[in-house]
Structures are given as structure tokens and as C-alpha cells.
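Please open the model in your viewer and keep the selection panel at hand. The tour goes from a pocket to an interface, and ends at a charged pair.

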Amino acid sequence: MRDSYDAALHLLDRQVLDCDERLVCKVDDVELTVAADGSLVPTGLLAGLPALLPRFGPRLGAVMARTHASVHDVVAGGDAPDVVEMDLVDEIASAVHLTVPGAGLLRPREEVDAAAPERVRLGQLLGMPVTAPPEVGLHRSSRLLDVRITRVADGRGSVVDALVVGPGRPGALLGYDRRSESGPWLLADAVRWLHRHARVVEVGPEVEVDRDRGEVRVGPGASVSPLLG
Amino acid sequence: MKRYFAVLLGVLTAIGGFVDIGDLVTNAQVGARFGLSLAWVVVVGVIGICVFAEMSGRIAAVSGRATFDLVRERLGPRMGFLNLVGSMLVTLLTFIAEIGGIALALQLVSSVNHVLLVPFVAALVWIVLWRAKFSAIENVLGLLGLTLIGFAVALWQLGPDWGELAAGLSPAEKPGAESWAAYAYFAVALFGAAMTPYEVFFFSSGGVEERWTPKDLGVMRANVLIGFPLGGLLSISIAACATVVLMPEGIAVETLGQVGLPVAVALGKVGLAVVVLGFFAATFGAACETGLSTGYSLAQYFGFQWGKYVRTREAAGFHVILLVVTVLAAGVLLTGVDPIMVTEMSVIFSAVALPLTYFPILVVANDPDYLGEHRNGRFANLLGMVYLVIIVVAALAAVPLIIATSMGQG
């Protein structure tokens, strides 16, 4: 598995394949668990309409998710998405490869006790407005566009260690944000110009993802670098 | 030897597979009304489908991902869904037109009204989609479709003044009675007929079905770069036949029988029988391709198992979709709607829907994450950008032209 990847770009909406190359599902969303130290750890791939529908936007998505849940109200936990544990992921390439066969794999997460850790979905975080004092140099209407996940040596496995922020909408970079050699030059140049204000903010004490108020606050001491070198 | 055979078979099926009901009807209509003054559009369209199919075939061979996987990955669930709905509607329209085309071809043989034949045709299409092997569908129907070469033979037999015919290739030779708006409308329709989106969904998903690997890139390119242009020549010979026989008589093409009329004039009953077999094979092949394409698109968007390379029960959802769309298409045709009119709508809306899938494919074809060393080179990108502009212009022009000319009447 690669050491570092951008979750929205490399993981979200990709096809999941089991160990026999059978198609399992799409990565409809990514489950992030809040660790004891407050860091965000990717713990599962979420699949199914309960994961997909909320991503259709705050208004339309909420209506669709509510409708889906009310249609399925006789199913216990019918509004909970299926989870594929992150430990089962073998490789993240042009598809997500698992180490196990797909039969019987998809089922909702059963929380064993009330003290279960707080879990959030990547889809809920993406698009959050980002506020920062002017000296940090972020564009005024910056939003959270992507999160960068890096492998760590401790028990967490991997962790969100940087945020990609900028004006615009998540996904609008079309994959042109990470590599310099991607052509066709005219198109790539246009997308790059549109996203000249995109920045990478390293996660640290100066960066707070406030899930209750739905915003990301970046303090003056945060480490910020341009996304497009 | 086996490899040459594979290339030959692929090229031959690509020729037969290129022509479908949209190409048959639109080329004959254009030939009868505008002569060969629109033949250049077929050339533009054929180069376009080569560029598009080569890129998506390459992505499928290297990464194993087909068109709608990429559409959703690049555009996200919301835009991807709009895209899916638009593309599905156009593919469904084409599917209806192809099934109607099969019924019309059988009507030419049996004189039984095509509406009565529709339930049987639809049932036959579904059984083939359900039971037949993927390679059998592609090879048998593709090879039978080659009987459409009858149009080229008929043109030669008609013995037109070749110099005059060649002089008619210039856009300036537009008949004076036709308006430029109608000319532009049919230019877009002909472009849509040559670059129907389902061809690419089918081509890239077919690559996954046939388990292409980077080793197959050469065979894939040969199929595209030889097969499609020869299919385009077949299209032009259909238009030329109509130009020679129908245009002087002022006959407008409104039925499938009129498409075959020049062949009957040139080669008699036997010739007509051969091309009617071609009509049947080409429309049947395209009906299978469009039917499968609806299943491919939906399954690839939602991520469940699709394809004929696994056992039917492993891709149960996919096969349910095939059944539902076939019933739906038969239901629409049973209302008595004219399949030729459905065809005219399907080709023009194909042009409208084309940018939806072309753009994400062009972006991914440049992504080293998917393609590594096989990503687009300078030449592929130059052509890719030129065609992005052409495709967007055609798509934007289509709806105003539909309104301005009442679908090509004016």
C-alpha cells in the first residue's frame, strides 16, 4: 500500500475488488475514527445508499437519505451503511484491492459498547468552510477539498496528516492537483489556474476541525504550503 | 498465426459493428437530400470515435476500469449521476431504435407489421443477452454485418460518374433548395451517428469482459484504427448509393426499405436479400451492445458485479437490468411509435450526450496513476483537445438546431 494518498482523490468513489478480482462495491464514503489524541484515523470503507446519498449535497442529499431511511424503516439499522474494515485493504491503486473474498463481506458496523469512539464520514468533512487569519494566506472562501492520509508506525496504521484547502468544490481539481506532468496542457493549465489558491495545511495544534460547528479553523502558526508547486 | 487471426477477426467485427440503425438511416437520409456534401462529417466522426475508443480501450486494458467507473471517480457522485441519467436515456433511446430496426428488417422479409414482431424480437434479444457467450455475440453478428458491403458493390454496379460524385464531396455542393440550418442539423446528426456514446461504453467494458492486458494494446489499436475507418467507408457508400439513386428522383428516406432501395436497383433481389441480412445483423448486434451498455453503466456507477465473464448468478443485478430495459424498450415500441423517428432522435441526442463521457475519459487518459507509461502522448492529446472542442460545439449546437429546423424538416 502506498505510504501517502489523498482520500478524496485516490479512495473515494473507487471500485472495491475482493481477492478473486470480483467486484464488491464502490467506496461510497470513508469512515474516519477520532483517536484518543484527537487525530483522524481511517478505519473503514463505507458502501451502500446510506453512505452514498448524503454525498449528493447538504439539501438534496439529506432529503434523499431521509427518504431512503423511511422506506427501509422495518429494517433495523436500515439507515446505516455497510463497512469494509480498513485492515482488509491490500492495495489502493486504480481500484481498491482487498485481502479477503467478497462473500458475506458487506454488513453495517455493530457498535459493541456505548463508549465507542466518535466516527465521522469523509463526505461530512469535505466542503467545510475554512477560516484563518489573513497572515496565513488562505483564500477568503476556502473550503476543505481533500485530506491527505499518511502511514504511521504506531498502532493507528495511518492517519490524516494534512488538509487540502482552497476555493471551489471538492473534486473540481479532477486529479490535476498532484502531478506536474499531467497534460493535455491547455486543460491542465486551465484547471491549475482556477486552483492557484489551493493550499496544503499540515495537521497540528494550530488546526482544528470543528465538527459541531462544521468548520475548519487554522491558526496563525500553521504550516501552509501551495498545492501546485 | 493465431495472433494475425485475432487481429483480422477483430477488424472484421469492428467494421460490421460500426454500422447500426443510426448510421443506416442517417447516411441514407443525408445522401438522398444532400448528396455527398456532408461526407466530410463521417470522416470527422470516424476519426473522433477512433480517438475516443482508443483512449477508453487503453484505460480498460491497462487499469481494468471501464467508462462509468471513471466518470464517477472524476466527477463525484452528484455530477456522475446526472451524467449517468443523461447517458442512460440516450443509450435506451438507441436500444429502442435498434430493436425497432430488427423488427423493420424482419418486416421487409415477412411483410408482417413490425409492431407485431416486436415482442418476439425483444424476447430473442434478451435470450441472446442472457445465454450467449460474449465473444459469440460480437463475432457472429459482427461478421454477418459485413454483408452490408453489398452497398459498396451496389455503388460500383450502379456505375455513377465518379468524377461528378467526387466533385459533390465539397460542402459548397449543398443543394440550393436546402437551408444551411438543415445542413448543420444533419451534420450534427451524422456526427452523432458515427460517435454514438454506447460504442465507447461497450468497447471499454468489452475490453474488461475479454480480459485485455497491456499486451493486447496492439490488437485493440488495430481493431479501432483499421476497423472503424472501414466501417466509415461503408457508411459513405450507403450515402453514395442514396445520392445516385434516390436524390435525382426526389425520394426522401422514411423507411428502412428505402435505405435498401438502391441496392435492389443495382443488384436485384439477391443483392437486396444480402443487405437485408446485413440490416438484421447490424441492428441485432447493436441491440445487444446497447442493451449490455445500459447494464454496464448502471453497475459501474453503483459498483456491483457486472459482465458476462462471470456466471449469470454472480451478476444477478446486472442481468435483471438487461431484462428490465428489454421489456421497457419493447413496451415503447408496442405503442406503435415509428422506429425511424426514434432513430433520428437517438442520433441527435447522442451528439448532445457525448461530452458527458468524453471529458472524464480524456482527463483519466492523462493520469499516470491509471496508465503509467501508457498515458496519452502529445499526439493523442492534440487530437483529444481538438475533438473536445468539436464535441462540445456539436453538443451545444444540437438543441438550437433541433428547434430551428423542427428536427431537420426545414
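Select α1(B), which supplies 11 residues, the largest share of the lining of the second largest pocket; helices (H or I, at least four residues) and strands (E, at least two) are DSSP runs, numbered from the N terminus. The model is predicted, so local features need pLDDT of at least 70 and side-chain atom pairs count only at pLDDT 80 or more, whereas totals for chains, interfaces and linings use all residues. Residues are numbered from 1 along each chain as its sequence is written, chains are lettered from A in the order in which they are written, and side-chain values use heavy atoms, with hydrogens and water left out.

Next, add α6 (134–145), α10 (197–209), α11 (217–249) and α12 (256–302) of chain B, each of which, like α1 (2–18), supplies at least two residues of that lining. By class, the lining has 17 nonpolar, 11 polar and 7 charged residues, where Ala, Val, Leu, Ile, Met, Phe, Trp, Tyr, Cys and Pro count as nonpolar, Asp, Glu, Lys and Arg as charged, and the others, Gly among them, as polar.

Now move to the contact between the chains (heavy atoms within 4.5 Å), which takes 32 residues from chain A and 34 residues from chain B. Select A:Leu23, A:Phe56 and A:Leu174, which lose the most area to chain B, together 22% of what the side of chain A buries. Chain A and chain B bury about 2,800 Å² between them, 54% of it on carbon and sulfur atoms; buried area is the accessible area (1.4 Å probe) that two parts lose on being put together, summed over both.

Which residue of chain A should be selected with B:Arg72 to show a salt bridge? The partner is A:Asp13, and the closest N and O atoms of the pair are 2.7 Å apart; a salt bridge is a side-chain nitrogen of Lys or Arg within 4 Å of a carboxyl oxygen of Asp or Glu. The rule finds 6 salt bridges across this interface, and the structure holds 25 over all chains. B:Arg72 lies in helix α4 (residues 67–110) of chain B and A:Asp13 in the loop between α1 and β2 of chain A, so the pair joins two chains.
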